[in-house]
Structure formats: structure tokens, C-alpha cells
Amino acid sequence: MQKRQMATQEGKNVSVCAIEGNFDDAQSAVKNIFTDNRMQRRLEENGMIFSSANSINWGRLLPQIVYYFYAYFELCRSGRIRLGETVNVAVPTGNFGNILASYYAREMGLPIQKFICASNANRVLTDFIRTGVYERRREFFATTSPSMDILISSNLERLLYALSGENSQMLAGWMSQLSTEGCYDVGGEVHEKVRALFYGGSCDNTGTAQTVRNTWEKAGYLCDTHTAVALDVYRQYVEDTGDSDTPTMIASTASPYKFVGDVLGALEPVMGADEYENISRLESLSGTQAPKALKQLCDKPIRFTETIANAQAADYVLRALGIHGGA
């Protein structure tokens with residue numbers, strides 16, 4: 001469904017391609033473009049700049065900060081908590097942007113006690129929170145919560161910058177080690193600060209499906225696979241800490257219909273691979289409605305089919321912009 005959302009984009013000023021690789025490969029390609037001086041000169045010569053819409057860009061984090069305040073005030077308005085009362089947050093994350101936004105909200109005064117960081121089978125963040133060692137040299141898993149299938153979590157360095165007393169030299173050393181050796185250890189003092197603020201847990205595909213089903217059967221709430229990871233890790237947090245009293249905001253990050261095959265499959269056997277048949281079946285089974293924009297994708301023509309190698313990203317950008325001759 002996500003692929004179809006991209007491949008059917010209608011804007012005349014839009015170009016879309018796939019890359020051979022995973023999220024980490026794509027994000028590395030974007031970062032390389034940012035730091036390629038020849039690329040920057042080519043863009044400047046044509047009156048252009050390069051940017052990113054994912055959480056490399058601070059512009060992605062800013063509205064996320066806002067909705068933690070909004071959610072907190074909604075809890076106050078509904079009488080669930082009193083103004084000033086402490087809450088926890090549980091966030092499904094791979095690139096650490098969304099949960100970092102909640103940390104910044106806390107720095108701005110929102111009374112958050114604990115940040116519950118929920119990973120899928122790619123549990124690099126869970127292991128870091130528990131050990132203080134960031135280790136990306138591990139098996140990569142393609143999961144039913146694909147937006148979290150990440151081993152190089154970019155926004156973690158922003159947290160470490162804050163927790164190290166804004167020590168950019170120390171941070172640069174860790175990032176250099178990650179690049180050259182595949183791991184780094186933040187040491188006891190910074191790790192203690194991480195552990196004081198964050199709880200890390202993970203949930204595999206089996207646990208994700210069970211959580212989707214249990215949440216539907218027990219609460220009548222149809223969640224997507226990413227939200228299910230956060231729900232299950234919150235359950236683990238309560239079991240591990242006994243903290244069932246602190247009100248907790250759980251970030252629900254996608255429509256279940258965006259991952260309809262896996263959500264439907266958690267409730268009953270899926271009979272076929274056609275996503276639109278599965279949407280109809282999930283609507284009928286749950287009594288919920290799929291977003292109109294997703295259903296309309298069925299009738300939209302596929303405009304973009306190109307796949308490129310990771311190393312071709314810069315050339316693709318220039319070609320899409322009509323700047324010929326390569327970087």
C-alpha cells in the first residue's frame with residue numbers, strides 16, 4: 001500500500017524512484033548528498049537547495065513535539081489527569097525521531113516521567129538503552145512493522161548530544177566509531193542518564209500479531225502493526241517495573257489499513273494477496289472504515305516504476321531536477 005501511495009503520485013513536480021536496499025541504505029544516500037560539496041555547488045548554480053522530509057530534518061520533529069502537548073491537554077480536558085500530573089509515553093520507533101520529539105517536549109516543560117522506546121525485531125535501540133553499547137553489526141529483519149526496520153538510528157545522536165552536555169567532540173567520536181567499526185559505547189555516565197529516562201523493549205512479528213488480535217478482542221480498537229509494537233512493549237514495561245498507575249500516552253502512528261494484509265492476518269486467515277479485497281474484508285470484519293485516500297489508490301495509474309542502486313541517488317536527483325551531466 002505504501003509503495004502504491006508513492007508510485008501513483010499525481011503532482012507534475014514530483015519524481016519517485018525505489019532503491020535497491022533498506023531504510024538505512026536510503027537514509028545514507030540522502031546524507032551523502034547533504035555532505036557532497038560538488039552536489040551542493042551544482043544545486044546552487046541552478047538556484048536550488050537539497051532537503052529531506054524525514055526526521056533528518058528538524059522540520060519533521062517540530063509538529064511531533066506539538067502533538068504530545070495536545071495529547072496531554074486532551075487528557076486534562078477529559079478529566080483523565082490533572083494539569084501538572086506526570087505521564088509516561090510509549091512510542092514505536094526505529095529512527096528515534098518521534099520519541100525524541102517527546103523528549104524535547106519534556107525539556108519544554110511537559111511532565112513526562114518515562115520514555116518507553118518500542119522496537120520490533122530490529123532491537124538495536126532496545127539493546128543500546130539496556131547496555132549503553134550501540135551495535136549495528138547484526139542481522140537485519142524485514143518485519144510486519146516496516147517503518148521501524150532500521151539499524152542506524154539517526155536521531156539518537158541528537159539525544160546523546162543533549163545528554164553528553166552538548167559535547168560535540170565526544171559525539172563526533174562515537175559517530176566516527178559507528179561508521180568505521182559498526183559500534184560505540186557511551187560509557188557509564190551517559191548510559192545512566194539514558195537508563196534514568198528511557199525503557200527499551202522489543203516485539204517480534206508473532207507478538208505484534210497477537211497484540212493486534214488481543215487489542216481488538218479485548219478493547220474493540222483496531223491498531224496497526226507499529227502501534228501494536230508500542231502496546232506490547234508498554235505491557236512489558238508494566239510487568240518489569242510494576243508501574244501500572246502512571247497514565248501513559250501511546251503513540252499510534254499509522255492506519256491499520258496501510259498494512260492491511262498483516263492486520264487482517266492477525267484476526268483471521270488471509271485468503272488472497274489483493275489488498276483491496278483485504279480492505280473490504282477488514283472493513284466488514286471490524287465495522288471500521290478504511291481512509292478514503294487509500295481506497296482511491298485502486299483506480300490510480302502507476303506513474304513511477306524506476307529502481308536505482310543506492311550509489312545512483314545523487315545522479316537521480318539531478319536528473320529529476322533537469323540538471324544534466326551528473327554530480
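Rings of Phe, Tyr and Trp, the last represented by its six-membered ring, are taken to pair if their centres lie within 6.5 Å. In this predicted model, the count under that rule comes to 15 aromatic pairs. One aromatic cluster is formed by W58, F96, Y103, Y104, F115 and F198.

F96, a member of that cluster, also stands out in its backbone. Its phi is positive, at about 70°, although F96 is not a glycine. The residue lies in the loop between β2 (87–92) and α5 (97–107). F96 has a relative accessible area of 2%, so it is buried. E166 likewise has a positive phi without being a glycine, here of about 55°. This residue sits in the loop between α7 and α8. Its setting is described by the opposite term: E166 is exposed, because its relative accessible area is 52%, and the cut-off for exposed is over 50%.

The overall fold was examined next. The chain contains 15 helices and 8 strands. Its radius of gyration is 21 Å; a compact globule of 327 residues would have a value near 20 Å, so the two agree. Along the principal axes, the C-alpha atoms fill a box of roughly 60 × 55 × 40 Å. Of the 327 residues, 45% are buried. Contacts were also sorted by sequence separation. Among those between residues at least 6 apart in sequence, 71% join residues at least 24 apart.

Empty space inside the model was then searched. Rolling a probe the size of a water molecule over the atoms shows where such space is left. Across the whole structure, the search finds 1 cavity of 30 Å³ or more. The largest cavity holds about 30 Å³ of space. Its lining consists of T93, G94, S119, N120, N122, V124, L125, M148 and I150. By residue class, this lining comprises 4 nonpolar and 5 polar residues, with no charged ones.

N120, one of the cavity-lining residues, also takes part in the surroundings of S145. Setting aside neighbours within four places in sequence, S145 is in contact with N120, T225, H226 and V229. S145 is found in the loop between β4 (133–135) and α7. With a relative accessible area of 1%, S145 is buried.

Open pockets were considered separately. The second largest pocket holds about 370 Å³ of space. It is lined by 15 residues. Nearest its centre lie S28, K31, I152, L178 and S179. Three helices, α2 (23–34), α7 (156–163) and α8 (168–181), each supply at least two residues of this lining. The most comes from α2, with 4 residues. The lining of the second largest pocket divides into 6 nonpolar, 5 polar and 4 charged residues. Charged residues are thus present in the lining of this pocket, whereas the lining of the largest cavity has none.

Two of the helices that supply this pocket lining, α7 and α8, are joined by the loop in which E166 is found. α7 also bounds the loop that holds S145. The two loop residues fall under opposite terms: E166 is exposed, and S145 is buried.

Key
Residues numbered from 1 in each chain as written. Predicted model: local features only at pLDDT ≥ 70, side-chain atom pairs only at ≥ 80, totals over all residues. Heavy atoms only, no water. 1 Å grid on protein atoms, 1.4 Å probe; cavity = no way out; pocket = protein on both sides within 12 Å on 5 of 7 lines; lining within 4 Å. Points joined across faces, edges and corners; volume = space filled by probe spheres on them. Nonpolar A, V, L, I, M, F, W, Y, C, P; charged D, E, K, R; others polar. Phe/Tyr/Trp six-rings, centres within 6.5 Å; stacked < 30°, edge-to-face > 60°. Rg over C-alpha atoms; globule rule 2.2 N^0.38 Å. Buried < 20%, exposed > 50% of the residue type's maximum accessible area, 1.4 Å probe, protein only. Contact = heavy atoms within 4.5 Å.
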